[in-house]
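Got your viewer open? Load the model and follow along, one selection at a time.

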Amino acid sequence: MKALIIVAVVLIALFLFVVAVYWFNLDTKLVKALEKIMMKHYDDMERDHRL
């Protein structure tokens, strides 16, 4: 019974986390923040051919 309560609490916590990410659009904000770092990295890479 104790294990079932722990599983239920974990599932509720994960659900609330997913709802918060969706509500505040945090996934898009994280990608936007990482985009600058990724673009700097890929712009500095040496290319084999011209685009």
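Start by selecting D44: is it buried or exposed? D44 is exposed, with a relative accessible area of 56%. Keep in mind as you click around that this is a predicted model.

**Stop 1: the salt bridge**

With D44 still highlighted, add K40 to the selection. The two form a salt bridge, and their closest N and O atoms sit 3.6 Å apart. Why can these two residues get together? D44 and K40 are 4 residues apart in helix 2, so about one helical turn separates them. K40 counts as exposed too, at 56% relative accessibility. As background, side chains of opposite charge can pair when their charged atoms come close. If you go hunting for others, a search of the whole structure finds 1 salt bridge.

**Stop 2: along helix 2**

Now select residues 26–44, which make up helix 2. That's 19 residues, reaching 28 Å from the first C-alpha to the last. The span is close to the 27 Å expected at 1.5 Å a residue. Where is the kink in this helix centred? Put your cursor on E35: helix 2 has a kink of about 30° centred there.

**Stop 3: the loop**

Next, pick N25, which lies in the loop between helix 1 and helix 2. Check the backbone here: N25 has a positive phi of about 55°, although it isn't a glycine. As for accessibility, N25 is partly exposed, with a relative accessible area of 38%.

**Stop 4: where the helices meet**

Bring up helix 1, residues 2–24, alongside helix 2. Two packed helices are described by the angle between their axes and the distance between the axes. For this pair, the packing angle is about 65° and the axes are 5 Å apart. Helix 1 and helix 2 are therefore roughly perpendicular to each other. To see the contact itself, show the side chains of A20, V21 and F24 on helix 1, then those of L26, D27 and K29 on helix 2.

**Stop 5: past the end of helix 2**

Finish with M45, in the segment after helix 2. This methionine, M45, is partly exposed, with a relative accessible area of 40%. Then draw a distance from the C-alpha of M45 to the C-alpha of F17: how far apart are they? Your viewer should report 36 Å between those C-alpha atoms, for residues 28 apart along the chain.

Note on methods:
Residues numbered from 1 in each chain as written. Predicted model: local features only at pLDDT ≥ 70, side-chain atom pairs only at ≥ 80, totals over all residues. Heavy atoms only, no water. Helix = DSSP H or I, 4+ residues; strand = E, 2+ residues; numbered from the N terminus. Expected span 1.5 Å × (residues − 1). Bend = angle between axes of the 7 residues up to and from the residue. Salt bridge = Lys/Arg side-chain N within 4 Å of Asp/Glu carboxyl O. Buried < 20%, exposed > 50% of the residue type's maximum accessible area, 1.4 Å probe, protein only. Axes fitted to C-alpha atoms, helices over the stretch in contact; angles between N-to-C directions. Parallel < 35°, antiparallel > 145°, perpendicular 65-115°, else oblique. Contact = heavy atoms within 4.5 Å.
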